[in-house]
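Please open the model in a viewer and display it as a cartoon, with side chains hidden at the outset. The tour below proceeds by selection, one stop after another.

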Amino acid sequence: MILEIKDASFGYSKRTVLRDISFKVASGELFCLLGPNGVGKTTLFKSILGFIDVRGGEITLNGENIRKWSKPRLAKAIGYVPQAHTPPFPYTVLDVILMGRMAHLGLFSSPSKDDVKIAEESLETLSISFLKNMIYTEISGGERQMVLIARAMTQKPQLLILDEPTSNLDYGNQVRVLLQIKKLSDEGIGVVMTSHFPNHAFLCSSKVALLNKNGFEVGTTDELITERNMRDTYGINVKIAKVADNHGVNIRSCVPLAN
Amino acid sequence: MSLSTASDKRIKNSGVAADAPSKVKVRKSGLVLVILFIVLIVVFLWSFTVGRFAVPLPELLTVFFRKMFGLPTTWSDTTETVLFNIRIPRIIVALIIGAAMSASGAAYQGLFRNPMVSPDILGASAGAGFGAAMAILMSGSALTIQLAAFSCGIIAVMLTYLVSCLIGKTNNSVLILVLTGMVVSSLFSAFISLAKYTADPNNKLPEIAYWLMGGLTSITAKNIMLILVPFMIGIIPILLLRYKLNALAFGEEEAQALGVDTKKIRFIYIICATLLTASSVATGGMIGWVGLVIPHLARMLVGPNLKFMLPASVLLGGAYLLLIDDISRTFFTVEIPLSILTAIIGAPFFIYLLAKGRNSWT
């Protein structure tokens with residue numbers, strides 16, 4: 001699988017938010033999008049997912065322009081994990097996850113036993129089987145985020161798009177969710193996600209895109225997450241520190257400075 | 001990950017110890033549907049045995065049996081007339097209106113992601129009321145009134161839809177649709193008031209007022225087609241597409257990402273729910289509460305998954321309105337208008353459901 005964005009511009013009816021964006025994401029890559037609030041990360045996602053039309057340029061999946069694809073066809077290729085929120089009705093967790101099968105079902109059908117099996121596998125992969133019969137609106141925010149990831153996995157997409165999957169999560173859950181996403185990408189799914197923390201990119205990304213007022217740049221974490229780039233992007237001073245983990249492997253961390 | 005107990009694995013949210021969510025029993029939703037169907041049949045048969053010209057159950061079954069096989073009649077002509085011209089049409093219409101109002105209520109609640117929505121949200125009831133009032137002013141026949149009410153109900157919703165499409169091109173189309181529906185509703189309510197104001201207070205005004213209060217007193221075999229046909233056209237797509245409607249509870253974009261063509265689904269559901277609502281109001285008057293309360297009750301019994309919840313609403317709604325109509329024609333010497341009974345019974349029942357429900361909406 002290869003997702004390619006070619007010289008695309010994104011925006012809403014009256015204004016263009018992003019211009020001339022190009023990048024590629026292949027299977028097994030974890031692509032992390034960093035950038036300040038309001039720079040257009042969500043707009044970019046909405047365009048890839050077909051919620052809003054691309055203004056110039058094109059988005060292709062395995063070389064085919066996805067602009068005219070039907071919703072079910074697109075959903076079979078690209079899974080979306082939104083930020084966890086509460087729906088108005090108390091669905092069970094299994095109900096929510098089974099909705100991931102919707103794109104694979106006929107217009108008039110509902111999930112079969114096979115679909116339930118696929119949903120249960122997703123629950124097991126994420127080690128959240130115990131949530132299966134609980135009420136989705138009553139579980140914690142971290143659990144809801146995991147359920148949404150399970151739902152996207154149940155969709156069996158080639159590409160997963162996650163919009164700030166760690167927002168609203170406590171420190172431990174942020175890391176747990178990120179490691180789970182990394183595992184999915186190691187298993188061969190292409191992943192595109194946004195984050196507000198450069199450290200999240202250090203933890204799991206294979207590729208980083210930096211989106212700021214100077215433009216759009218794609219590279220490795222080493223190339224792009226530098227003290228200068230962080231100052232340019234977020235307007236704060238940071239120090240990139242190197243520490244060795246328990247196995248002597250170097251890991252890097254981005255630490256904000258008070259002065 | 002290590003194999004630990006379920007409670008160890010629970011992911012806690014930002015340090016606040018959440019209440020342990022209740023682990024619900026796996027619902028036997030299919031069984032509940034069968035029970036509801038049996039309840040509906042019982043209420044249906046019982047309805048014949050009450051009221052004036054009550055037909056006892058054995059005689060009723062004999063009539064059905066002999067009619068089915070074309071055997072000679074063993075019952076009086078009065079029984080024949082009452083049963084086939086008055087009782088059966090009225091019972092069937094009550095069933096259809098209850099089922100239609102509940103189905104469109106359930107559909108609209110899912111469509112607009114809001115459990116407070118009732119079938120008149122887009123102006124169908126107010127439009128139908130206005131159509132009926134106009135037809136009464138012009139001394140139309142019962143059938144003309146029904147037809148005028150039906151058409152004006154449809155026109156009101158079309159107006160809502162077109163206006164909201166014009167002003168809400170970009171985003172938040174659902175909110176704009178609902179707000180436009182409120183505007184159109186109150187506009188048509190004003191038209192109804194205007195019609196009442198200009199009506200002759202000796203005959204037309206009371207006729208309009210009685211019509212608006214709702215009731216099935218004047219239902220005969222003639223009225224059935226004008227509700228049966230829209231009911232069939234409306235209910236079939238609503239039932240067939242019901243699983244897809246679940247996705248809309250998560251919002252427009254998430255539903256699209258799940259592979260649902262939200263624009264198409266929403267359009268089909270609005271058309272079908274409007275057919276159901278407009279034909280019901282045109283036949284039985286402005287009967288409130290059913291479309292709001294019954295979906296809540298259904299959700300409480302079988303859960304929010306529309307695969308079970310919509311059929312449950314249809315069965316419950318039919319049985320409920322039939323029961324209310326039985327009460328309306330038997331408990332008092334004068335028939336009580338349906339809208340009064342549905343409100344008097346529906347309001348406290350709704351409060352009970354709210355009190356019994358979870359913090360999140362039932």
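In what order do the six strands of the open sheet in chain A lie? The model is a predicted one, and in it the strands follow the order β6-β7-β8-β3-β9-β10, with mixed pairing. Select β6 (78–81) and β10 (215–219) of chain A to find the edges: each has a single partner strand, so one side of each lacks a neighbour in the sheet. From one strand to the next, the twist averages 15°.

**Stop 1: strand β8 of chain A**

Next, select residues 190–195 of chain A, which form β8(A). Six of the six residues are buried, so the strand is largely enclosed by the rest of the structure. Now show the side chains. In a regular strand, side chains alternate between the two faces of the sheet. Here A:G190, A:V192 and A:T194 point one way, while A:V191, A:M193 and A:S195 point the other way.

**Stop 2: the neighbours of β8(A)**

Add β3 (residues 30–34) of chain A, which runs parallel to β8(A) and is joined to it by five bridges. Then add β7 (residues 159–162) of chain A, also parallel to β8(A), with four bridges. Centre the view on A:V191: A:L30 stands opposite this residue, and A:V191 is also the bridge partner of A:L160.

To see how the chain passes between two of these strands, select helix α6 (residues 171–186) of chain A; β7(A), this helix and β8(A) make a right-handed β-α-β unit.

Continue from β3(A) to strand β9 (residues 207–212) of chain A, where the two pair in the parallel sense over four bridges. Within this pairing, A:L34 stands opposite A:L210.

**Stop 3: a helix pair in chain B**

Move to chain B and select helices α5 (residues 124–137) and α7 (residues 173–198). Their axes come within 8 Å and cross at roughly 20°; an angle under 35 degrees counts as roughly parallel, and the two helices are therefore described in that way. The crossing is left-handed. Show side chains at the contact: residues of α5(B) including B:G129, B:F130 and B:M134 meet residues of α7(B), among them B:F188, B:F191 and B:I192.

**Stop 4: B:A142**

Finally, select B:A142 in helix α6 (residues 142–167) of chain B. Is this residue buried or exposed? B:A142 is partly exposed, with 14 other C-beta atoms within 10 Å. Its C-alpha atom is separated by 9.5 Å from that of B:A132, ten residues apart along the chain.

Key. Residues are numbered from 1 along each chain as its sequence is written. Chains are lettered from A and ligands numbered from 1 in the order in which they are written. This is a predicted model: local features need pLDDT of at least 70, side-chain atom pairs count only at pLDDT 80 or more; totals for chains, interfaces and linings use all residues. A residue is buried if 20 or more other C-beta atoms lie within 10 Å of its own, exposed if 12 or fewer, and partly exposed in between; C-beta atoms are placed from the backbone. Two strands pair if DSSP finds at least two bridges between them. A crossover is right-handed if, with the strands pointing away from the viewer, the path from the first strand over the helix to the second runs clockwise. Axes are lines fitted to C-alpha atoms, for helices over the stretch in contact, and angles run from 0 to 180 degrees between N-to-C directions. Angles under 35 degrees count as roughly parallel, over 145 as roughly antiparallel, 65 to 115 as roughly perpendicular and the rest as oblique. A crossing is left-handed if the near helix is turned anticlockwise from the far one by less than a right angle, and right-handed if clockwise. Two residues are in contact if their C-beta atoms, placed from the backbone, lie within 7 Å.
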